[in-house]
Amino acid sequence: MNQFVTLFVGGLFLGAIYSLVALGFVTVFKATHVINFAQGSVLLLGAYVIARAHESVGFALAVALGVLAAAVASVLIDAVLIRRIRRADLGTLAILTLGVDILLATELSRRIGTDVLNIGAPWGSDVTEVAGIRVATSRVLAGGVAAVLVAGFWLAFKFTDFGIAMRSAAEDGEVASLMGIRLNRVAATAWALAGALAAIGGLFLTSFPAAGVTGSVGLLALATIPAVVLGGFDSPGGAVLGGLIIGVVSVLTAGYQEELSFLGRGLGGVAPFAVMLLVLLVRPSGLFGTREVTRV
Amino acid sequence: MSRWLGAAVVVVLLAAVPIWFEAFWLQTGLFAMAAIIAAIGLSILVGIAGQLSLAHAFFVAIGAYGYAYLADRIPPLLALVAAVLLAGVAGALFSPIAGRVRGIYLGLASLGLVFLGQHIFQNATGITGGYRGVAVPPFSLFGFEFTGADGLVVLGVPYGPLEKLWYLGLVLVALSLWYGHNLVRSRPGRALATVRDSEVAAATNGIDVVRYKAAAFTVSSMYAGLGGVLMALAFGRIVPESFGLLLSIDFLVMVVIGGAGSVGGAAAGAVFVTALPLILNHYSGSLPLLAEPGSGGVGAAEFSRLLYGAAIVAVLLFARDGLAGLVHRKERVV
Amino acid sequence: MRRVGLLAVVLAFTVTACGKGGAEEEPAKGSGEQAVKTGPGASADTITLGYLPDLSGVFAPNGKSQMEGANLYWDAKNKAGGICGRQIEVKVQDTGYDPQKAVAAYQQLSGDVIGLGLVLGSSIVNALLPNVQQDQMFLNFAGWTSDILPSENVAIAGTTYDIEAINAVDFLMKEHGVASGDTIGHLYFEGDYGENALKGSKFAAEKHGLEILEQKITPADQDMTGQVSAFKKAGVKAILFSAAPPQAASLAGLAASQKLDVPIVANGPGWTPQLLTTPAADAMEANYFVVSSMAPLSVQSEGVTKFLSEYQAKYPKGTPSSNGSLYAYAGAQIADAALTKACENKDLTRKGVLDALHSLTALDTGGTVAGTLDFSDPASPPGSLVYIAKVSKDAPGGLEALGEPAQAADAEGYSF
């Protein structure tokens with residue numbers, strides 16, 4: 001029982017980080033209908049900038065720089081590339097971001113080389129004990145930051161002009177622009193937010209207990225794809241829940257590997273995708289995704 | 001008349017390739033041919049039926065492993081056919097999900113198949129050999145072995161497995177292109193295009209949408225399976241790592257930069273994606289800009305990766321209909 | 001217009017049509033003392049070696065480090081006059097850790113080289129082996145798995161992961177109080193490396209009445225929360241580790257945070273000096289050990305000292321590593337020995353080099369690889385000794401060797 005609780009809590013905290021990255025995916029998709037495969041390398045860029053900068057400017061400023069760099073890079077992808085072919089179909093746009101991802105990830109991993117860059121977080125390897133369960137302090141912080149960001153996001157989405165603009169852009173772009181909403185500005189804001197969320201996700205994915213920033217950190221964003229899909233691609237709430245589910249599932253399958261060994265060992269990486277397929281069988285648009293209703 | 005003459009010259013030139021070219025070019029050519037066949041299948045699915053799939057590598061793997069397993073037990077030609085059918089069955093089994101799930105959800109759901117496949121290929125050691133992989137039995141046709149054992153020499157060139165497989169590849173590619181072209185223009189092909197453009201319109205025209213989608217998935221998987229068999233033969237030994245996410249992404253890139261929905265475009269995309277890194281590597285010694293491997297700086301490998309990324313971006317931005325679109329545009333001008 | 005196109009194609013064919021067909025072995029020319037038989041990859045003034053590292057795939061950083069080591073060795077060798085009066089030329093092709101690229105790269109190299117100085121990855125070696133056997137080349141395998149055995153063509157620098165794991169268990173029982181009936185955890189990668197190590201640990205466990213709690217992961221798994229919790233629940237007395245540095249940091253850090261205070265013993269690839277800059281550094285210094293036939297850089301042997309001083313002279317900004325640059329350096333030592341021997345036998349053909357390799361029964365690398373290496377039996381790895389080292393912030397390369405290279409008695413009855 002104790003093991004289950006430990007695993008479950010550990011999974012939730014890991015899932016909180018996935019939620020942030022997944023939220024970035026969904027924001028971009030809602031505002032511009034792009035599946036952004038470059039999210040992984042933007043995450044790596046954010047983490048890389050933090051790791052390189054923290055020794056000279058201090059941790060807090062380094063985080064600000066990393067978040068800024070990721071946000072700017074993300075906006076540039078939209079403004080320089082995506083905007084030119086905004087009307088292209090989903091597949092084309094997705095492959096375009098994939099091309100960008102290959103470029104950015106190749107250059108960053110070349111710069112990192114064999115290094116394992118320390119992210120320089122002041123909480124280091126501290127551990128927090130809550131009700132007999134010991135969790136890395138960085139994970140607790142990640143959970144807190146994620147909760148605050150998600151709540152802020154929700155409020156902004158519901159009550160600010162940006163939120164209304166974005167929702168109407170997602171609903172029907174042409175009508176929205178007729179109503180005087182500047183779609184390009186909405187798009188840029190959404191991409192900037194996604195970049196910032198990726199950088200923060202990257203910060204926590206590379207601090208303790210992870211080793212640090214390596215060339216392959218960008219691949220971690222792949223783990224959030226099942227989260228986004230099973231939550232529903234256009235649902236921010238779904239992305240958050242999806243992230244938590246994926247975190248818990250992957251930690252639980254790893255922790256109970258011995259009991260699950262009849263399914264083959266090393267399930268931790270596959271289980272999220274299997275869960276995703278099962279959910280899609282029952283709900284083809286994910287848990288909270290808008291169902292396409294066809295009226296004749 | 002001159003068209004037939006041109007075709008005949010092309011056939012003769014292609015048939016003469018093994019006499020002139022080194023093993024490297026044959027190997028690269030065979031990998032490209034395998035990719036062409038599989039990419040045609042994906043092009044039918046994505047471009048014509050409008051279903052995005054990232055699972056293609058999985059079906060390619062089914063074909064490859066299916067052949068490697070069966071060819072030890074039944075004649076290789078039968079094993080080839082059976083492997084293709086097996087891939088088709090796998091596609092049909094996945095089609096209930098494909099039929100229910102649409103567009104982007106399908107694309108990303110199919111990603112799950114690739115990861116599940118990796119897990120299965122690594123763990124079903126009895127059939128796949130696990131991480132060690134399996135040796136692929138050589139092809140043979142009516143007693144003619146596709147190996148170097150018979151010591152066949154043509155015009156002074158010893159004909160080994162690569163030289164012989166080259167012809168098998170040519171035949172399979174020709175058949176695949178021919179079938180693909182016909183399918184696109186046939187009634188089912190037009191029905192699929194209607195399904196892509198509007199499922200509602202298709203349904204009101206009496207097209208059984210679910211059945212057609214399932215059929216598209218099955219045909220596409222069979223193409224993947226055939227590509228897989230040729231890939232396995234070109235390798236001689238297959239390991240799970242060859243059929244991962246990167247291969248699936250490569251296929252999607254082939255189809256998109258070739259021009260989705262165009263059979264010829266998919267073939268061009270396949271050649272571009274498969275051969276570019278191999279050829280860049282080949283000439284890396286003579287490209288002055290590239291750093292020596294191990295000396296830091298941008299080496300040939302990174303350069304080829306960067307070029308690959310840049311090519312994707314450039315084609316999508318400046319040649320919206322892909323490579324096939326470029327050709328058509330030119331034709332229209334002339 | 002079409003004609004011109006056709007003409008261009010035909011021209012292209014003619015231009016490329018330059019002598020296809022394998023290079024024939026040249027009979028010994030000259031007379032008396034000077035006559036050395038040569039074949040593909042050896043001419044009157046050069047010997048060409050092929051290198052197939054991963055420079056763009058998942059192991060690209062390691063691949064670059066390996067090429068540093070190889071270039072270091074051969075540059076020095078060429079300055080000192082080369083081998084057999086010939087300069088050594090290194091031809092490099094990237095495999096991207098992709099068997100498809102590797103097979104094409106091999107086809108490209110194979111006509112021009114006498115042997116392969118380094119090939120990374122056993123899936124790639126497996127894919128190349130049919131061709132390599134046919135061409136009678138030797139192949140230096142950058143990897144230490146016994147799956148590849150027996151093979152006439154493959155040379156391994158030192159011993160294999162399974163033997164390392166057997167030695168690790170022996171070390172835990174002798175030095176850390178692990179006793180019969182205890183459970184030890186084994187965290188390993190899916191694939192050749194991890195599963196080969198697991199074979200060794202299972203053998204040792206059976207022999208000593210230990211239980212092994214298996215935890216298999218893939219390189220994509222970077223968070224060990226679930227695994228550590230499973231180890232803690234099972235009350236493991238020690239953990240064997242056969243994965244990569246990112247997982248090592250997560251494992252050691254989380255084990256410490258869960259108060260799972262047990263020794264962790266890793267195979268060679270589980271260590272990189274950069275782990276000391278991670279937040280898990282303290283946990284690693286307390287409990288982390290490495291068992292490997294490649295020397296820790298702190299070993300004061302002639303070979304390692306020479307390597308380090310040459311390395312620092314050539315790459316002042318680089319970081320030497322045991323299973324990167326030092327490994328390729330040691331691999332070059334082995335190739336050097338085989339080529340030198342083949343020269344003495346007056347037979348610089350591929351077959352001649354392969355035979356020369358098998359005639360090396362006590363190759364001393366000056367300590368870069370533990371013990372002396374015996375290449376005469378293709379069915380067993382050339383070495384059986386391992387270094388056991390402890391993480392230490394003060395030691396060069398972060399590892400401090402515990403005693404001289406040793407071998408567990410258990411390894412005797414083990415079949416590969």
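The legends below accompany close-up views of a predicted model.

**Figure 1. Where chain A meets chain B.** Welcome to the contact between these two chains, to which chain A gives 46 residues and chain B gives 38 residues. Together they bury about 3600 Å², with carbon and sulfur atoms accounting for 81% of that area. On the side of chain A that touches chain B, at least two residues come from each of α4 (90-112), α9 (225-231) and α11 (271-282) of chain A. Helix α4(A) supplies the largest share of this side, 12 residues. Sorted by class, the residues of chain A that touch chain B are 29 nonpolar, 11 polar and 6 charged. If you are looking for salt bridges between chain A and chain B, the count is 0. For polar contacts across the interface of chain A and chain B, the rule likewise finds 0 residue pairs, with both residues required to be at pLDDT 80 or more.

**Figure 2. A salt-bridge network in chain A.** Three residues are worth picking out in this view: Glu107(A), Arg110(A) and Arg111(A), which are linked in a network of salt bridges. As a reminder, side chains of opposite charge can pair when their charged atoms come close. Over all chains, the count comes to 16 salt bridges.

**Figure 3. The two domains of chain C.** Chain C is split into domain 1 (37-159 + 301-373) and domain 2 (161-292 + 387-413). Taken over C-alpha atoms, the centres of domain 1 and domain 2 of chain C are 29 Å apart. Their contact draws 13 residues from domain 1 of chain C and 15 residues from domain 2 of chain C. Between them, the two domains of chain C bury about 1100 Å², and 48% of this lies on carbon and sulfur atoms. Have a look at Trp144(C), Thr159(C) and Asn323(C): these residues supply 37% of the area that domain 1 of chain C buries against domain 2 of chain C, more than any other three residues. No salt bridges are found across the interface of domain 1 and domain 2 of chain C, the count being 0. Polar contacts between domain 1 and domain 2 of chain C do occur, with 4 residue pairs counted (both at pLDDT 80 or more). By class, the side of domain 1 of chain C that touches domain 2 of chain C has 4 nonpolar, 8 polar and 1 charged residues.

**Figure 4. Lys216(C) and its two glutamate partners.** Which residues pair with Lys216(C) here? One partner is Glu190(C), whose side chain meets that of Lys216(C) in a salt bridge at 3.8 Å, N to O. Lys216(C) sits in strand β8 (residues 211-217) of chain C and Glu190(C) in the loop between β7 (183-189) and α6 (192-208) of chain C, so this pair ties together parts 26 residues apart in sequence. Another partner is Glu195(C), with the closest N and O atoms of the salt bridge 3.6 Å apart. Because Glu195(C) lies in helix α6 of chain C and Lys216(C) in strand β8 of chain C, their pairing ties together parts that are 21 residues apart in sequence. Both Lys216(C) and Glu190(C) are buried, and Glu195(C) is buried too.

**Figure 5. A salt bridge between Asp282(C) and Lys393(C).** In this pair the closest N and O atoms are 2.7 Å apart. Asp282(C) belongs to helix α9 (residues 281-287) of chain C, while Lys393(C) belongs to the loop between β15 (387-391) and β16 (399-401) of chain C; the pair links distant parts of the chain, 111 residues apart. Are these residues buried or exposed? Asp282(C) counts as exposed because its relative accessibility, 52%, is over 50%. Lys393(C), at 41% relative accessibility, counts as partly exposed.

**Figure 6. The surroundings of Trp74(C).** This tryptophan is part of helix α2 (residues 60-79) of chain C. With a relative accessibility of 1%, Trp74(C) counts as buried. Leaving aside residues up to four places away in sequence, Trp74(C) touches Leu49(C), Tyr51(C), Ile83(C), Ile88(C), Val90(C), Ala332(C), Ala335(C) and Asp336(C).

**Figure 7. His358(C) and its contacts.** His358(C) is located in helix α12 (residues 350-358) of chain C. Its relative accessible area is 17%, so His358(C) falls under the 20% limit and is buried. A polar atom of the His358(C) side chain lies 2.8 Å from the backbone oxygen of Glu152(C). Not counting residues up to four places away in sequence, His358(C) touches Glu152(C), Phe375(C) and Ser376(C).

Key. Residues are numbered from 1 along each chain as its sequence is written. Chains are lettered from A and ligands numbered from 1 in the order in which they are written. This is a predicted model: local features need pLDDT of at least 70, side-chain atom pairs count only at pLDDT 80 or more; totals for chains, interfaces and linings use all residues. Side-chain values use heavy atoms; hydrogens and water are left out. Contact means heavy atoms within 4.5 Å. Buried area is the accessible area (1.4 Å probe) that two parts lose on being put together, summed over both. A salt bridge is a side-chain nitrogen of Lys or Arg within 4 Å of a carboxyl oxygen of Asp or Glu. A polar contact is a pair of N or O atoms within 3.5 Å; within protein, one must be able to donate a hydrogen and the other to accept it, and residues adjacent in sequence count only if both atoms are side-chain atoms. Helices (H or I, at least four residues) and strands (E, at least two) are DSSP runs, numbered from the N terminus. Ala, Val, Leu, Ile, Met, Phe, Trp, Tyr, Cys and Pro count as nonpolar, Asp, Glu, Lys and Arg as charged, and the others, Gly among them, as polar. Buried means under 20% relative accessible area, exposed over 50%, partly exposed in between (1.4 Å probe, protein chains only). Domain bounds come from an automatic or database domain assignment.
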